[in-house]
Amino acid sequence: MPGGDDGENLAQYLMPWLVDLAAILKETQPHAKLWVSNQTFTDEENAYFFDFLESGKAPWLEGVVYGPWTHMTLEEMRAKTPSQFKMRRYPDINHNVRCQYPIYDWDPALAHTLNRESVDPRPHAMTHIHNLFARHADGFGTYSDGIHDDLNKVFWSLLGWDPERTVEEMTASYAKVFFRDSNAELAAKALLGLEDNWRGPVLENTSIPKALQQWRELWKALATEQETNWRLQMYLYRAYFDAYTQDKARQEKAQEGEANSILASAGTLGAEAA
């Protein structure tokens with residue numbers, strides 16, 4: 001049960017209601033387990049929430065869930081939660097900005113065009129996020145709104161099974177399954193390239209043209225799948241979008257420089273002429 005995002009019920013109403021819900025649930029699903037998150041809870045609501053857990057009024061509760069918009073760190077939540085309750089993660093794997101795990105230092109040209117929910121394979125980032133906090137929780141259930149984060153979904157499943165697997169190994173496995181074994185090496189490089197496209201200033205990024213070329217080669221290699229392989233279509237689209245955005249940003253930067261140069265000559269040309 002979400003305590004927010006969506007949910008938006010005050011903790012003071014939600015928890016007593018869950019007492020009633022748990023009883024009804026057991027009537028038809030005696031082995032079902034109930035979990036609850038404290039997403040968006042205010043400090044006052046969190047104080048009530050953890051007092052409720054301490055009070056012994058929730059023997060029906062299996063555990064709590066740490067999700068986006070939780071107003072404390074994962075470590076703080078584990079420390080405040082009585083030890084008899086498990087704690088599960090609800091990681092946001094499908095948003096890029098204004099979210100739980102935003103793209104670090106993302107170039108504004110990409111951030112304002114691709115924005116919050118775009119095709120976002122993030123193999124290195126997802127591996128780091130999973131492994132960094134895994135010891136604090138009893139597993140996870142990922143938060144996803146579509147297919148654009150397909151690789152991220154697979155990575156979390158693989159890491160949940162074996163957190164020792166490397167980024168390169170998991171990317172290669174994904175590539176073999178969805179782009180044929182014969183194209184796996186090229187596809188793996190192309191997938192990693194899409195994450196590299198978002199590193200650093202877009203004007204100077206050398207991965208963007210390289211990734212586009214790799215995806216164009218895959219498109220030709222998988223000619224018989226062009227109308228049916230939605231992953232192929234999706235990643236090729238992202239590669240083209242990044243290249244278009246880079247080209248546009250470079251042109252606009254040049255135009256801005258030219259305009260500023262002309263305006264700077266107003267002292268000799270005159271303000272009106274400039």
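Which unit do S2, helix H3 and S3 make? In this predicted model, strand S2, helix H3 (residues 74-80) and strand S3 form a β-α-β unit that is right-handed.

The two strands of this unit belong to an open sheet of three strands, ordered S1-S2-S3, in which the pairing is parallel. Strand S1 (34-37) and strand S3 occupy the edges; each has a single partner strand, so one side of each lacks a neighbour in the sheet. From one strand to the next, the twist averages 35°. In general, the strands of a sheet pair through backbone hydrogen bonds, in either a parallel or an antiparallel arrangement.

Between S2 (residues 61-66) and S3, the parallel pairing extends over four bridges. Within this pairing, Val-64 lies opposite Met-87 of S3, and Val-65 lies opposite Arg-88 of S3. The two faces of S3 (residues 86-89) can be described by their residues: Met-87 and Arg-89 are on the covered face, whereas Lys-86 and Arg-88 are on the uncovered one. Val-64 is thus placed opposite a residue of the covered face of S3, and Val-65 opposite a residue of the uncovered face.

Helix H10 spans residues 230-264 and contains 35 residues. The distance from its first C-alpha to its last is 50 Å, close to the 51 Å expected at 1.5 Å a residue. At the start of H10, a side-chain oxygen of Asn-229 comes to within 3.1 Å of the backbone nitrogen of Arg-231. In general, an α-helix has 3.6 residues a turn, so residues three or four places apart point the same way.

Conventions
Residues numbered from 1 in each chain as written. Predicted model: local features only at pLDDT ≥ 70, side-chain atom pairs only at ≥ 80, totals over all residues. Heavy atoms only, no water. Expected span 1.5 Å × (residues − 1). Polar contact = N/O pair within 3.5 Å; in protein donor to acceptor, adjacent residues only side chain to side chain. Buried < 20%, exposed > 50% of the residue type's maximum accessible area, 1.4 Å probe, protein only. Pairing = 2+ DSSP bridges. Right-handed = clockwise from strand over helix to strand, strands pointing away. Axes fitted to C-alpha atoms, helices over the stretch in contact; angles between N-to-C directions.
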